[in-house]
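Student: Please take one part of this model and go through it closely. Start with a single side chain and its contacts, then work outward to whatever surrounds it.

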Amino acid sequence: MTALNKIATEQRNPNTTNIDTLSTVDMVKLINREDHRVAEAVGLVTDQIAAAIDVIAEKLEKGGRLVYCGAGTSGRLGILDAVECPPTYSTDPEQVQALIAGGYPAMFKAVEGAEDSMDLGVQDLERIRFSCADVLVGIAASGRTPYVKSCLEYARQLGAATIAVTCCPGSELELLADIGISPAPGPEVLTGSTRMKSGTAQKMVLNMISTGTMIKLGKVYGNLMVDVQPSNEKLVRRCVHIVCTAAECSEEEAAAALEACGYQAKTAIIMILLGISAQEAKVRLDAAGGRIAQVLAR
């Protein structure tokens with residue numbers, strides 16, 4: 001395993017060596033200046049992110065699953081991305097899911113030693129019956145976490161597509177995966193505190209991966225979340241607004257169409273734009289793979 005002093009995320013930042021002596025406002029400004037480096041770093045790996053999106057979208061289109069795995073902050077970021085997919089895109093909770101070293105308790109409290117286990121990762125993947133039809137995204141800022149490494153190795157043995165999201169270019173996890181995504185935002189403000197710049201970079205990458213995948217799967221029309229699940233009052237109002245915007249209709253017309261189709265925004269939009277029933281709109285959407293633009297083009 002790579003020595004700690006050789007890992008990019010463990011280097012000391014020369015710009016912040018006196019951060020403990022600064023005024024509060026200067027301290028905050030310094031952290032903000034360092035954070036500006038994150039978006040630039042992510043911008044240098046967009047080709048790899050795009051390649052990952054294409055692979056994931058193809059697998060999900062065929063019935064496969066997107067599975068994130070990670071430990072600590074990286075694992076929690078995977079969970080955050082996965083749990084947002086059902087309400088935002090009406091995905092099945094099984095379609096995008098996340099594993100964290102130490103299981104559910106590790107989401108809220110560190111489980112000591114879990115990330116160092118090479119067995120837990122395999123056990124977790126076996127538990128969800130991970131297969132070659134799925135895609136595994138291993139997340140580890142350092143690019144060397146044993147839990148994530150074991151997951152990637154197991155997925156490769158099964159012939160599944162593998163992607164690594166790290167902040168250490170050339171790390172063992174990046175080299176192990178089919179696609180390595182490794183933005184390099186530079187040393188942390190506090191040496192080794194990878195929940196900061198590295199965590200932000202990973203969150204940005206995961207945002208792009210899940211959002212890009214859902215766009216490719218037809219769950220977005222223009223820049224509207226037309227597959228949103230109206231599970232609370234706010235989302236019901238958003239659903240009405242989305243239909244109004246896409247179909248250029250009144251709130252009353254949007255609400256009536258949504259009531260008629262069980263609050264499926266995509267169906268309501270097609271109903272209004274083409275002047276057809278909910279049943280016919282659903283048939284046409286199914287034939288177009290759920291893509292509104294294709295329905296309208298036909």
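Tutor: Leaving aside neighbours within four places in sequence, Arg-291 is in contact (heavy atoms within 4.5 Å) with Glu-61, Lys-216, Leu-217, Gly-218 and Leu-285. This is a predicted model, in which local features need pLDDT of at least 70 and side-chain atom pairs count only at pLDDT 80 or more, while totals for chains, interfaces and linings use all residues. Residues are numbered from 1 along each chain as its sequence is written, and side-chain values use heavy atoms, without hydrogens or water.

Arg-291 sits in the loop between helix H11 (278–287) and helix H12 (292–297); helices (H or I, at least four residues) and strands (E, at least two) are DSSP runs numbered from the N terminus. Arg-291 counts as buried because its relative accessibility is 19%, and buried means under 20% relative accessible area, with exposed over 50% and partly exposed in between (1.4 Å probe, protein chains only).

Two of the Arg-291 contacts are Glu-61 and Lys-216. Helix H2 (46–61) and helix H7 (197–216) are among the elements that give two or more residues to the largest nonpolar core. Such a core is a set of buried Ala, Val, Leu, Ile, Met, Phe, Trp, Tyr and Cys residues joined through side-chain atoms within 4.5 Å. This one has 32 residues, and Tyr-68, Ile-181 and Ile-209 have the most contacts inside it. H2 supplies its largest share, six residues. Beyond four places in sequence, the contacts of Ile-181 include Ile-49, Ala-52, Ile-163, Val-205 and Ile-209. Apart from this core lies another, of 29 residues, including Ala-246 and Ile-276.

Strands E1, E3, E4 and E5 also give two or more residues to the largest core. They belong to an open sheet of five strands, with parallel pairing and the order E2-E1-E3-E4-E5; two strands pair if DSSP finds at least two bridges between them. The edge strands, E2 (96–100) and E5, each pair on one side only. Neighbouring strands are turned by 20° against each other on average, direction ignored. E1 and E3 are joined by five bridges, and Leu-66 stands opposite Val-135 in E3.

Two helices lie across E1, E2 and E3: H3 runs at about 160° to E2, and H4 (residues 118–127) at about 150° to E2. These angles run from 0 to 180 degrees between N-to-C directions, with axes fitted to C-alpha atoms, for helices over the stretch in contact.
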